[in-house]
Amino acid sequence: MRVIVRIPTPLRKLTADQDSVPADGASLSECITSLEASYPGLKERLCDESGEIRRFVNIYVNGEDVRFLQGLATTLKDSDEVSIVPAVAGGGRKAWP
Amino acid sequence: MAVTVYIPAPFRRLTGNRSYVEGHGQTVADLLEDLKTRYPTLGHMLQNEAGELPAHINIYVNNHEIHSLQGTTTPLKDGDEVAVLPAIAGGQLLTPEQTQRYDRQIMIPQVGPAGQRKLLDAKVLIVGAGGLGSPAAVYLAAAGVGTLGIVDNDKLDLSNLQRQILHHTPDVGRPKVESAQETIARYNPDVRVIPHKMRLTSANATDVIAQYDMVVGAVDNFATRYLLNDACYLAGKPYIDGAVFLFEGQAAVFIPGRGCYRCLFPVPPPTGVVPNPSEVGLLGALPGVIGVIEAFETLKLILGLGEPLSGRLLIFDALTMEFRQVKTRRDPHCPLCGDAPTIRELGDYEASSSSPPAAQHTDEEDAA
């Protein structure tokens, strides 16, 4: 499955400033693996040491929060839109580890 | 027929401080009887010695004054909004100057003189007189929101002026709440500004928020944002949130019972992961856009217009000039507003701040 991933501003330095990038996978988990292969370093921004999505990062598939779907097991189909949305503090300060 | 009745500020002490109450009746006359029964002291205001509606009370049904409809025999249907508005001196809802000042918005059918009266009666707290709070405050003041509370503990720095349009160059070094109050008075003398020169904390937030109908968050840190979220939910008040980062902004409205900021982001990014958080910078027009969206959502809530930005998070990318939305919802597991809440009072928020204390310079509540 080929999906489009929306990259938030704080992560664009890892994607050569691209605001959206293509990725592959039948599930969100596979999609993140595919992202990491193309843009090394992205996965650790999204997932903690145990591989779970970090609690201050939200990932949406077609606008739905995957926490209310099947999390990393959420299935993807062609041309789905995956959005990564971090909590933003405001004030123009860094707010991403 | 069940209708919603808007109660103006001067009468709210008669309705347990509620700005909206439910009412019933087939006609306006029925509704007035219903209100008299349930709110006897309000009832005294709604009839003269002859038992008739006093001339200085105007009744609006869906923004139309009932004399332009069928008077007290005007029929009501489910979901109608009825406003009970006392005229000010001269027999009008608005002074001639107000009628002229707000002409462009009064001519909007969904606003009208009754809507303008709602704006003038509204009390809005803006937390942060910085990059987000400035444009929000300017537009709310210009629209005639009658009471604006402004919370900020900082003094104006020259580097704030690039985005904080409530303040001017000669104000550098002055408390921002003072310059904000002066700026707003020059925009619109109708507006009563209540300066709160303080840092909002768990100890004072409840008392401050209690004085207002709703809260506009214009803060630049997670500690204050989670504090505001919790305090507003516990007080049953809508919380309008905005945030900016570099070229991107977010905005959302949290209405108690329909999900909160904790449902959206259960925890803030951890403290101290970045040893030395640095300013990333931004162009002032970005918090301008987001602050104005917060102002518009506030006006919509006061006027009961359209669909609030609730149940969704608005994401604005200034570089692509795209607005996107993702869905938000009430999380049954939310510790604040979920099915088995564990947060019942305000707690310690500093521990969850994104910035270590050393990095919290004077800008702590100055958004953006």
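These are my notebook entries on a sheet in chain B and the helices beside it, looked up in a predicted model.

**Entry 1: the sheet**

I began with the strand order. Eight strands of chain B make an open sheet, running β8-β7-β6-β9-β10-β11-β12-β13, with mixed pairing. The edge positions go to β8 (192–196) and β13 (322–327) of chain B; each has a single partner strand, so one side of each lacks a neighbour in the sheet. I also looked up the twist: on average, neighbouring strands are turned by 15° against each other, direction ignored.

**Entry 2: strand β11**

Next I picked β11(B), residues 248–254. Is this strand buried or exposed? Seven of its seven residues are buried, so the strand is largely enclosed by the rest of the structure. I then checked the two faces, since in a regular strand the side chains alternate between the two faces of the sheet. On one side I found B:E248, B:Q250, B:A252 and B:F254, and on the other B:G249, B:A251 and B:V253, all buried. Both faces of β11(B) are therefore covered, in keeping with how enclosed the strand is.

**Entry 3: the partners of β11**

Which strands pair with β11(B)? One is β10(B), residues 239–245, which runs antiparallel to β11(B) and is joined to it by seven bridges. The other is β12(B), residues 312–317, also antiparallel, with four bridges. B:Q250 makes a handy marker here: B:A243 stands opposite it on the β10(B) side, and B:I315 stands opposite it in β12(B). I followed the chain from β10(B) to β11(B) too, and the two form a hairpin with two residues between them. In that turn, B:L246 has a positive phi of about 60°.

**Entry 4: a parallel pair**

The pairing is mixed, and I wanted a parallel example. β6(B), residues 123–127, and β7(B), residues 147–151, pair in the parallel sense over five bridges. B:V124 has B:L148 in β7(B) as its bridge partner.

**Entry 5: the helices alongside**

I finished with two helices of chain B. Helix α7, residues 176–187, lies across β7 and β8, at about 175° to β8(B).

How many residues of α6(B), residues 133–142, are buried? Eight of its ten are, and the helix is mostly covered. Among them are B:P135, B:V138 and B:L140. The buried residues pack against β6, β7, α7, β9 (214–217) and α11 (285–303) of chain B. My last note is on B:G144, just after α6(B), which takes a positive phi of about 90°.

How values were computed
Residues are numbered from 1 along each chain as its sequence is written. Chains are lettered from A and ligands numbered from 1 in the order in which they are written. This is a predicted model: local features need pLDDT of at least 70, side-chain atom pairs count only at pLDDT 80 or more; totals for chains, interfaces and linings use all residues. A residue is buried if 20 or more other C-beta atoms lie within 10 Å of its own, exposed if 12 or fewer, and partly exposed in between; C-beta atoms are placed from the backbone. Two strands pair if DSSP finds at least two bridges between them. Axes are lines fitted to C-alpha atoms, for helices over the stretch in contact, and angles run from 0 to 180 degrees between N-to-C directions. Two residues are in contact if their C-beta atoms, placed from the backbone, lie within 7 Å.
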